[in-house]
Structure formats: C-alpha cells, structure tokens
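Here's a quick briefing to read alongside the model. Take a look at the structure first, then go through the notes by topic.

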Amino acid sequence: MSEPVIFERSQPGRRGVALPPLDVPEAPPLPAEFRRDDLPLPEVSELDVVRHYVRLSQLNFAIDSVFYPLGSCTMKYNPKVHEDAARLRGFQQIHPLQPAETVQGALELMFRLQEALGEISGLPAVSLQPAAGAQGELTGILMIRALHRDRGETGRRVVLVPESAHGTNPATAAMAGFTVKPVRADRAGNVDLDHLRSLLGPDVAAMMLTQPSTLGLFDPNIEEIAAQVHASGALLYGDGANLNAILGKVKPGESGFDVIHINLHKTFTTPHGGGGPGAGPVCASPALAPYLPDPVVGERDGQYVYLHPPKSIGKVRAFHGHFGMFVRAYTYIRSLGADGLREVSEHAVLNANYVRSRLQDLYELPYDRICMHEVVFSGSRQKQQHGIRTLDIAKRLIDYGYHPPTIYFPLVVDEALMIEPTETESKETLDGFIEAMRAIAAEAATDPELLKAAPTTTPVGRLDEAQAARRPDLRWQP
Ligand SMILES: Cc1ncc(COP(=O)(O)O)c(C=O)c1O
C-alpha cells in the first residue's frame, strides 16, 4: 500500500485520547507475568486514526459510493429513511421474549408486512422467519416434502431444477434429501417443455423455477409449465430472487407457483453485503399454510397474536427472524405504495434493456431478446478474438471505478457477464458504465495485456480468491 497503515504512522509519545482524571481508587498494576512487551500498540493522534479508517472504508466498493451492477444480487440504493425507522426506540429496545401484549406495534408491523408480501406474491400464507433466500428455499422445500408425506406420497424423491438455476436451488433440494434432476433450456432460453414432460412422473415432488430466470428472461410458458407440473402431482417452487422485475406486474401465485421465497435484501432493499443479516420470507398457497414455520403473526379481536401452524415444519430461525429488516422492508413498501413498486420494476427493466441495446454490438448476447431486470452477455467474442477472458473485463472495470458485474454465472452461458443495473441508477450513471464497457472492448483489441494486468488501481491485484476466502490473512506484519 502506498499510504502508511496505522502502525507505520506511530510516533513515540503521540496520543489520540485524553483520559479523564481518575475518580476511583488507583488499582495495583497488572502483575508482570500478565504483561507483554512484544505488543507495540501504535501511538497515534485521533486524526491519524480517523484517516486510517476512512481510507480503509474507501478502498471498499459499496452501493453508497459506486455503481454496483452485480447481477442476480439486486444491489439497489438503500434509502436512509429505512434506517430512521429501524432505529425508532419502540422497535429497537424490545425483546422477542416479551409478552405479545407489550409489543403490539412490532407484531402489527410483522402482520402488515406478511399481508403486503402475500398481496404482492399472490400467495397469502407468509412466514417472515427465514434469514436469507437460500434458507427460504429450504423452508419452502421442507413444506412441500411435509405436504407430500401427509398425502402418503413418499415416493416423490425427485426435484427438477433448470440448468440455469442459482446453485442454492439444487443445494436446497439435495439438503432436503431429494435427488436433483436438471431441466434443459430451449434455444430461446425458456424451459424446454418437451424435456420437462419427459422428466415429470410419480417420483417428482417439485420443480424449482426462477421467474424471470437467471438469464434475465421471462418464461412466457409459465402457465403451461405450472399446469404440467401440477398434472403430475408435483408442486411448483418459485425462486423469487428476481421479483424486482415483476412487482405489481405479475403475481407468482397467479402464474401457478405454490410457494416462493422473497429476498428482502434484494427486492425490498434492506442492506446486504458485509455479512449483515438478510431475510428470505416465504409466501405459500393456502394448501401449504399449515406447514409454515412456527409462529406466524395473526390478528384476533384487534390484537396481534402468535399463531402456531398446526403441521408446522418447526422453527427455521430463532424467534421471528431478522426483525430490523422487516422494519426497513415495510418502510420501503409503504413509502412507495403500489404504484411506486410497479414503477420500480418498469425502471429496472428499462435500465437493463438500455444497457443491453447499447452494448450488444460489442459483446455477444446469447439470448437476443428483450430482457427483464438484468442482461446476460458473454465475453466469448473477446476470448476468441483477443484471448481475453470475462475475468479480465471484470477486473478492468475496477480500474474504471465500477464494481464488476457477476461473472461466470449462469453456468449455461460461456464466459457469462451478468449486468443488473437496478432502477435506482440514472441515465448518466448508465452512460458512464456503458462508455467504460465500450472502452474496455476497444482495449481488448489494442492492448490486451492491460486487461490481463488489471486491476492496476487497487492496493493488491488479483488474489487467489479461494484462499482469500478460506484462509484470510488479516494481520498486518511490519
Ligand atoms: C437466483 C437466486 N436464487 C437464490 C439466491 C440465494 O439468496 P440468498 O443469497 O439471499 O441466500 C440468490 C442469491 O444471489 C439468487 O440470485
């Protein structure tokens, strides 16, 4: 790093704090055997400390600082009014073990959020408990398993998952004890109906489907798919990670889905990243309501009460889930209203199609049709013509000041580059990003080594990402 870190700023005798005068009896010093001389703490001023941490924070990419088109993650702006709501004393200083009559406001908020998500999804039986999309998937699939068991249909051991699905879908099905069978896509990127038909049978418990798909495409055959799945006695699970594209336009329940999860940290813009808590509520049809996690919030005689679904699959999370996220998501829904939510999807789709139309002359577009809220390109042209990989393009974008899009997902697209601009970005921001992508395409032809060396503006270049995640080296050494 070019800038000195906090230890290198140390100067003997420099102080950043002034301790108040001692107002308790002085204690004897720590015994010598507990003292360490090999612990050279930095001696720095308050300003040194402030600059050190502010600079570190600026090395990070965040939605509050840069355009963050990470496909499938829906990195939209988190309005700050949500934080005000979450910090209200009445929400912040309560405990989940308090009697229901002392936390009526919190229960009312959960009840209203359940109602709103039920309305938006068209699936009225809602649990807010799951802590993330992936956990919502597991919850929904366990509910489906429980329903089949109750019906005596224990031979249903297979879950169908399209090839383009997010990895959590097959992982969920496998964790719930099912055998996963992939469903092919047709040439347009939709579910291959003939292949689906050939797979459906008395051994299939469910199909998991993302709509719009992870290719950013709305499958127009959804009702036909649902009809086929149901005719075989299976249920249709919806991965609602891409709900941002269809708010107020399509209700998954009306398309034939039996249960979906919603990622509050995507569509309903609760913060994600930094390991913070997420939320993956599950919305189900009345037939699945008895199996919801325990408890849900209900209303009885003007009081908000805990209800215990009679055949519940049990708890999937301590207490009610991540309550602070419910406050933020509810604030979002109420501040936009039904019309505002519909506009969210309209603008998200418009922005993605703007990016698509302005880059498709330079980057390969494997599915050349109107996309939804995200567009999936392929870096295959740059690979064939100049030996440049999608990874190089993504790394070069960092030099231009952008967080890279998702790459190498979905797996069915060679050299995939998945861009999700979201509705909160202005045309000027999108134009800046498009210019950067166009400049990189030109560099791939004229100066490919530049791309292979990227990023050049960061303290460290390319990391061994597996090692960095599994064995992070967080200790500064002189
Ligand atoms: C399509 C899709 N499904 C499921 C998930 C899993 O959601 P979560 O990260 O909230 O567990 C994601 C996450 O990116 C996703 O994009």
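Let's start with a proline: proline 295 sits in the loop between β7 (282-284) and β8 (296-300). The peptide bond leading into it, from aspartate 294, is cis, with omega near -5 degrees. Keep in mind that this is a predicted model. The rest of the briefing covers backbone oddities, the overall fold and the way the two domains meet.

**Backbone oddities**

- As background, most residues other than glycine have a negative phi, and most peptide bonds are trans.
- Aspartate 294 to proline 295 is one cis peptide bond, and glutamine 211 to proline 212 is also cis, with omega near -5 degrees.
- Proline 212 belongs to the loop that runs between β4 (204-210) and α8 (222-231).
- Tyrosine 408 isn't a glycine, yet its phi is positive, at about 60 degrees.
- You'll find tyrosine 408 in the loop between β11 (406-407) and β12 (416-419).

**Overall fold**

- The chain's secondary structure adds up to 15 helices and 12 strands.
- With a radius of gyration of 26 Å, close to the 23 Å from the globule rule for 478 residues, the chain is as compact as a globular protein of that length.
- If you're setting up a box, the C-alpha trace spans about 80 × 70 × 45 Å along its principal axes.

**Two domains**

- The domain assignment splits out domain 1 (81-335) and domain 2 (338-462).
- Going by C-alpha atoms, the centres of domain 1 and domain 2 are 30 Å apart.

**Where the domains meet**

- How many residues are in contact on each side? Domain 1 puts in 29 residues and domain 2 puts in 21.
- The size of an interface is often given as the accessible area lost when the parts come together.
- Here, domain 1 and domain 2 bury about 1,900 Å² between them, and 61% of that is on carbon and sulfur atoms.
- As for charge pairing, the count between the two domains is one salt bridge.
- Lysine 249 and glutamate 346 meet through their side chains in a salt bridge, at 2.5 Å from N to O.
- Polar contacts across the interface of domain 1 and domain 2 come to 11 residue pairs, both partners being at pLDDT 80 or more.
- On the side of domain 1 that touches domain 2, the residues break down into 15 nonpolar, 10 polar and four charged.

Definitions and conventions:
Residues are numbered from 1 along each chain as its sequence is written. Side-chain values use heavy atoms; hydrogens and water are left out. Domain bounds come from an automatic or database domain assignment. Contact means heavy atoms within 4.5 Å. Buried area is the accessible area (1.4 Å probe) that two parts lose on being put together, summed over both. A salt bridge is a side-chain nitrogen of Lys or Arg within 4 Å of a carboxyl oxygen of Asp or Glu. A polar contact is a pair of N or O atoms within 3.5 Å; within protein, one must be able to donate a hydrogen and the other to accept it, and residues adjacent in sequence count only if both atoms are side-chain atoms. Ala, Val, Leu, Ile, Met, Phe, Trp, Tyr, Cys and Pro count as nonpolar, Asp, Glu, Lys and Arg as charged, and the others, Gly among them, as polar. Helices (H or I, at least four residues) and strands (E, at least two) are DSSP runs, numbered from the N terminus. The radius of gyration is taken over C-alpha atoms; the globule rule is 2.2 Å times the number of residues to the power 0.38.
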